[in-house]
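Student: I have a new structure to read. Can we go through the terms and check each one?

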Amino acid sequence: MKRKPGMITRFGNTRPGKMEIATVPANLEPGTLAVRGSGTTWAVYLGSERITRFFTFHEAAYQAATAIEHRSRLVERPCLTCGEPMLSTGPHHRMCNICRETAQEIA
Ligand SMILES: [Zn+2]
């Protein structure tokens with residue numbers, strides 16, 4: 001499946017076909033997402049839009065927000081070694097997992 005860089009269509013324990021998650025722009029700045037709720041109902045918001053399911057615990061929603069921010073910074077780039085598209089976390093991360101493992105075996 002081809003995935004657009006930084007675009008998240010599904011997150012967490014949502015069932016297939018039950019899309020609760022909005023697309024999230026790439027390169028979210030830390031702090032862009034807000035965890036809102038009270039009692040046993042918490043969710044992650046981007047502006048006024050809820051982008052996750054509801055969580056029972058604030059901590060779970062906070063972790064979801066952190067994971068979404070992390071994923072939004074992934075960019076699809078070709079691997080420097082084999083040219084296969086890969087999800088890169090930044091300029092320092094330009095080799096796909098397979099090539100990196102091979103490089104470690106040689107070293
Ligand atoms: Zn590679």
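Student: What pattern does the chain follow along the sequence?
Tutor: This is a predicted model. Read along the sequence, its pattern is β-β-β-α-β-β-α. The chain has 2 helices and 5 strands.

Student: What makes E2 and E3 a pair?
Tutor: Pairing takes at least two bridges between two strands. E2 (residues 41-46) is joined to E3 by 2 bridges, so the pair qualifies. The two strands run antiparallel. Tyr45 has Arg50 in E3 as its bridge partner.

Student: Why are E1 and E3 called edge strands?
Tutor: The open sheet has 3 strands in the order E1-E2-E3, with antiparallel pairing. E1 (33-38) and E3 (49-50) each pair on one side only.

Student: How do you know that H1 runs at a wide angle to E1, and where does the helix lie?
Tutor: Helix H1 covers residues 58-72 and lies across E1 and E2. H1 runs at about 165° to E1. Angles go from 0 to 180 degrees between N-to-C directions, so 165° is toward the upper end of that range.

Student: What makes Trp42 part of a nonpolar core?
Tutor: A core member must be buried and of a listed nonpolar type, and Trp is on that list. Buried takes 20 or more other C-beta atoms within 10 Å. Trp42 is in the largest nonpolar core, so Trp42 meets that cut-off. This core has 10 residues in all, including Val44 and Ile68. H1 gives the largest share, 4 residues.

Student: Which residues does Trp42 touch beyond four places in sequence?
Tutor: Among them are Val35, Phe55 and Ala61.

Note on methods:
Residues numbered from 1 in each chain as written. Predicted model: local features only at pLDDT ≥ 70, side-chain atom pairs only at ≥ 80, totals over all residues. Contact = placed C-beta atoms within 7 Å. Core = buried A, V, L, I, M, F, W, Y, C linked by C-beta atoms within 7 Å. Buried ≥ 20, exposed ≤ 12 C-beta atoms within 10 Å, placed from the backbone.
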